[in-house]
Each structure stands twice: as C-alpha cells, then as structure tokens.
Amino acid sequence: MSDHCEIIVNTDVSLDDAERVRNSVIAELGRLGIIKLNPTSECVLGGVGYPVGPKIASYLVASSRSRAFWTLRTSGVEPIVGYHFNDLGLGESCEGFGCPLCRNWFTSDDSSFLDCMGDAFDTWYKSRSPTSMLCPVCNSTSLLADWDSKPPLGFGNLSFRFWNWPPFDRPDWTVSIPDVISELTGNRHILTYAHI
C-alpha cells in the first residue's frame, strides 16, 4: 500500500503570522480530539506531526470506521510553515497543468512545457517568492501560483498534511475539518492531495 495525504493550504496568511495561526489550528484540532498534542516524527513522513486524536472515529460516519486509518503508523497531521507548495503533487499523482490565460492544458510529460516549468520552479526554489512562468503556447507569462494543476499546487505560507486520511470532500466525514480551520483562521484555503 502506498501513502497519500490530504493537504489544506492557507493561501492568505502572511509569513509573519503563519506560526501563530499554526499554533491556533493545532490547539483547536487538539481540543476537538482530532489530534493529540504530542508532536512526533513517527506519525508522518519526513517531518514532525501530531498523531490522530482519541475522538477521530466520532467524526466519521459508521460505515467508514471499518477503514480505520488511525491505526496506520503514518496517519498524523504535519503542519508546514514557510513559503511552499504541494511539491508532492509533482510526483506520480500529477495529471497536468493549465495556462491561466490561454487555458491550454499540458500533461506532465510534455517536453516543451517541462522546460518552462523547470525554469520557473528553479527560480521559485532560489527566491522563495512569487514567480512567473512562460506558457509555450501563448508566450505569455503569469504567476506560477495562478496556473491550474491537478492536483492543485497550493502555494502558501502555512499548510497541514493529513497523512492517509480519507479525502475531505467525501461523505465519510460528519464534520468538515477544512471548514473548522477556515472558520478559526478567517482565511481562504485550497484543498489538495498527493500520492507517493
């Protein structure tokens, strides 16, 4: 079985406020019993996260509880602070990218597009700031963060990776965790995902 993650990206929070907002979200998820408040590297891949909380089963409809994701070793919530994007979305789960201006769609194996994308991501990694990308069809540039992609790349200063959790848009949930986070922060969020 491979791992996957559901990711909630806060697209509005400033870098200066990201740590404070992260702490508020973690405290609220802990208060609701969605996570435990003892961070560990054992419940996520490559970082530090928070294990699934004692009330998680109560937030799922009964028929979904048989897929007890919380029993998996990798099932924690990993907060990420700092300007970043869903870099895992560039892997095997990547279905392609769309120019926000001409709406042309590029698959992840299109060589003309990969050259432009490679240059843009190289610039982004060096600067960690908003970066433009050239469309090889319409020859216009637009912000990398404005390009459509599947899964969404979700650029932001704060995100939460939920390792091996059911997708948040499925009817398995009796509470909307993305809504809990949005209501708490007052910010917009992007839902994205990755499979590794």
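## Cysteines, salt bridges and nonpolar cores

The structure holds zero disulfides, a disulfide being a pair of cysteine sulfur atoms within 2.5 Å. The model is predicted: local features need pLDDT of at least 70, side-chain atom pairs count only at pLDDT 80 or more, and totals for chains, interfaces and linings use all residues. Residues are numbered from 1 along each chain as its sequence is written, and side-chain values use heavy atoms, with hydrogens and water left out.

Cys5 has its closest cysteine sulfur in Cys43, 13 Å away, which is too far for a bond. Cys102 is in no disulfide either, and the nearest cysteine sulfur, that of Cys135, lies 3.8 Å from it. Relative accessible area is classed as buried under 20%, exposed over 50% and partly exposed in between, with a 1.4 Å probe and protein chains only. Cys5 counts as buried at 1% relative accessibility, whereas Cys102 counts as partly exposed at 30%.

The structure holds eight salt bridges. The term stands for a side-chain nitrogen of Lys or Arg within 4 Å of a carboxyl oxygen of Asp or Glu. Three of the pairs are tabulated here.

| Salt bridge | N to O distance | Separation in sequence |
|---|---|---|
| Asp12 and Arg188 | 2.8 Å | 176 residues |
| Arg161 and Glu78 | 3.9 Å | 83 residues |
| Arg161 and Asp87 | 3.0 Å | 74 residues |

Helices (H or I, at least four residues) and strands (E, at least two) are DSSP runs, numbered from the N terminus. The salt bridge between Asp12 and Arg188 links distant parts of the chain: Asp12 is in the loop between β1 (4-10) and α1, and Arg188 is in the loop between α3 and β9 (189-195). Asp12 is partly exposed, at 34% relative accessibility, while Arg188 is exposed, at 56%.

Glu78, Asp87 and Arg161 are linked in a network of salt bridges. Arg161 is found in strand β8, Glu78 in strand β2 (residues 77-84), and Asp87 in the loop between β2 and β3 (96-98). Both Arg161, with a relative accessible area of 11%, and Glu78, at 6%, are buried. Asp87 is partly exposed, at 36%. The side chains of Arg161 and Asp87 are also joined by a polar contact of 3.0 Å. A polar contact is a pair of N or O atoms within 3.5 Å; within protein, one must be able to donate a hydrogen and the other to accept it, and residues adjacent in sequence count only if both atoms are side-chain atoms. Not counting residues up to four places away in sequence, Arg161 touches (heavy atoms within 4.5 Å) Cys5, Glu6, Ile7, Gly76, Val77, Glu78, Ile80, Asp87 and Leu88.

A nonpolar core is a set of buried Ala, Val, Leu, Ile, Met, Phe, Trp, Tyr and Cys residues joined through side-chain atoms within 4.5 Å. The largest such core has 26 residues, of which Ile34, Phe160, Phe162, Trp165, Trp173 and Ile177 touch the most other members. At least two of its residues come from each of α1 (15-31), β8 (156-163) and α3 (177-185); α1 gives the most, with five residues. Leaving aside neighbours within four places in sequence, Trp165 is in contact with His4, Glu6, Ile34, Val52, Ile56, Phe69, Ser75, Gly76, Val77, Trp173 and Ile177. Another core, of 18 residues, lies apart from the largest one and has Phe85, Phe113, Trp124 and Trp147 among its members.
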